[in-house]
Amino acid sequence: MAAAGAPDGMEEPGMDTEAETVATEAPARSLNCVEAEAAAGAAAEDSCAARGSLQPAPAQPPGDPAAQASVSNGEDAGGGAGRELVDLKIIWNKTKHDVKFPLDSTGSELKQKIHSITGLPPAMQKVMYKGLVPEDKTLREIKVTSGAKIMVVGSTINDVLAVNTPKDAAQQDAKAEENKKEPLCRQKQHRKVLDKGKPEDVMPSVKGAQERLPAVPLSGMYNKSGGKVRLTFKLEQDQLWIGTKERTEKLPMGSIKNVVSEPIEGHEDYHMMAFQLGPTEASYYWVYWVPTQYVDAIKDTVLGKWQYF
């Protein structure tokens with residue numbers, strides 16, 4: 001006899017509850033590799049969708065002009081893009097430095113570059129290329145060419161402080177003695193040369209002007225004996241060559257202790273000039289009829305603006 005139960009088509013009370021309990025209590029099935037990857041991808045997509053409004057615009061493709069315009073080639077950052085450069089050989093203290101430098105930079109900017117290379121302060125530098133390099137003119141204006149040699153003369157502050165003071169005192173005493181005397185051009189020893197008159201081949205003068213040293217030697221002048229003399233400034237060797245018909249004296253500029261000059265009375269566009277080669281007045285080498293526009297350039301080239309006397 002069959003056991004009593006629920007009619008056909010009807011569930012016994014408690015069956016739904018039991019089924020739910022079984023489903024809840026059944027252990028979760030482990031995902032295989034394919035299912036795990038699919039689930040991870042779906043989670044990543046959901047995360048990206050949630051952050052979509054916070055992401056920056058996609059980068060431009062490599063060939064896009066807008067992307068290329070924002071890229072610096074490195075020279076722009078230093079201000080050198082598009083500037084013509086020249087190769088220079090900067091020579092200081094018997095050491096050569098090969099440098100590429102903008103042709104349209106000024107002499108003042110070149111001094112800053114030399115400072116970064118040598119440690120020599122700009123105020124202590126005498127920079128020469130066919131004479132002193134003007135601070136307010138560009139290298140292009142003074143016709144610097146690629147491969148040019150830039151001579152630098154000067155000493156560090158420590159070197160200047162180490163110089164013996166008796167040398168400075170001797171130069172100051174010499175200047176004081178000159179101030180006490182009558183004008184040089186009236187003294188007998190100079191009159192015998194000046195009375196010969198202006199040399200026929202003397203170089204033209206420009207009164208009231210200051211010019212850099214020319215590329216050619218200064219010629220058409222007299223020395224103390226009345227003979228013809230020329231001055232050649234060999235900046236590469238840091239030498240002054242004093243040439244006469246008989247011989248040429250090659251003097252290191254550092255050995256010249258002082259340079260004095262005075263306008264010639266009645267011909268103020270020319271000077272008489274002396275280079276002090278020794279400790280006494282007798283060591284002065286006199287040159288007459290020096291064009292006035294070159295006087296300051298000669299003193300700066302031989303002595304240098306950095307010297308304190």
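**View 1. Tyr 270 and its partner across two paired strands.** In this predicted model, Tyr 270 has Pro 291 in S11 as its bridge partner. The two strands around this pair, S10 and S11, run antiparallel to each other and are joined over 7 bridges. If you are new to such pictures, it may help to know that strands of a sheet pair through backbone hydrogen bonds, either parallel or antiparallel. How much of S10 is buried? Of its 10 residues, 7 are buried, so the strand is largely enclosed by the rest of the structure.

**View 2. The hairpin of S9 and S10.** Let us move to the other pairing of S10. S9 and S10 are antiparallel partners, connected over 7 bridges. Val 259 is matched here with Phe 275, its bridge partner in S10. The two strands make a hairpin, and 2 residues lie between them. Look for Gly 266 in the turn: its phi is positive, at about 85°.

**View 3. The open sheet of 7 strands.** Stepping back a little, we can place these strands in their sheet. Which strands make it up, and in what order? The order is S8-S7-S6-S5-S11-S10-S9, and the sheet is open with antiparallel pairing. Strand S8 (248–252) and strand S9 (258–264) are its edge strands, each pairing on one side only. On average, neighbouring strands of this sheet are turned by 30° against each other, direction ignored. Within the sheet, strand S5 (residues 218–223) meets strand S11 (residues 284–291) in the antiparallel sense over 2 bridges. One residue pair to find here is Tyr 222 with Tyr 288, its bridge partner in S11.

**View 4. Helix H9 lying across the strands.** Helix H9 covers residues 295–303 and lies across S5, strand S6 (228–234), S9, strand S10 (267–276) and S11. Relative to S9, the helix runs at about 175°. Which residues of H9 are buried? They are Val 295, Ala 297, Ile 298, Thr 301, Val 302 and Leu 303. These buried residues pack against S5, S6, S9, S10 and S11, and also against S3. Just after the helix comes Gly 304, with a positive phi near 85°.

**View 5. His 190 and its surroundings.** Here we zoom in on one side chain. His 190 sits in helix H8, which spans residues 188–194. Is this histidine buried or exposed? Its relative accessible area is 0%, so His 190 counts as buried. Setting aside neighbours within four places in sequence, the residues in contact with His 190 are Leu 184, Met 272, Trp 286 and Tyr 288. You have already met Tyr 288, as the bridge partner of Tyr 222.

**View 6. The sheet of 4 strands and helix H5.** A further open sheet has 4 strands in the order S2-S1-S4-S3, and its pairing is mixed. Strand S2 (95–102) and strand S3 (126–128) are at the edges with a single partner strand each, so one side of each has no neighbour in the sheet. Neighbouring strands of this sheet are turned by 30° against each other on average, with direction ignored. Strand S1 (residues 85–92) and strand S4 (residues 148–153) form a parallel pair over 5 bridges. In this pair, Ile 90 stands opposite Ile 150 in S4. Helix H5 (residues 107–118) packs on the sheet and touches S1, S2, S3 and S4. The direction of H5 makes about 135° with that of S2.

**View 7. The chain as a whole, and how far to trust it.** To finish, let us put the close-ups in context. The protein chain has 9 helices and 11 strands, and 33% of its 309 residues count as buried. Among contacts between residues at least 6 apart in sequence, 53% join residues at least 24 apart. The chain exposes about 19500 Å², of which carbon and sulfur atoms supply 53%. Its mean pLDDT is 75, and 63% of the residues reach 70 or more. Where is confidence lowest, and where is it highest? The lowest mean, 36, belongs to helix H4 (residues 75–78), and the highest, 96, to S11. Residues 1–7 stay under 50 in pLDDT, and the model gives them 1 contact beyond four places in sequence. For residues 9–28 the pLDDT is also below 50, with 2 contacts beyond near neighbours in sequence. Where pLDDT is low, the predicted coordinates should not be read in detail.

Conventions
Residues numbered from 1 in each chain as written. Predicted model: local features only at pLDDT ≥ 70, side-chain atom pairs only at ≥ 80, totals over all residues. Heavy atoms only, no water. Pairing = 2+ DSSP bridges. Axes fitted to C-alpha atoms, helices over the stretch in contact; angles between N-to-C directions. Contact = heavy atoms within 4.5 Å. pLDDT = per-residue confidence, 0-100. Buried < 20%, exposed > 50% of the residue type's maximum accessible area, 1.4 Å probe, protein only. Areas by Shrake-Rupley, 256 points an atom, 1.4 Å probe, with all protein chains shown as cover.
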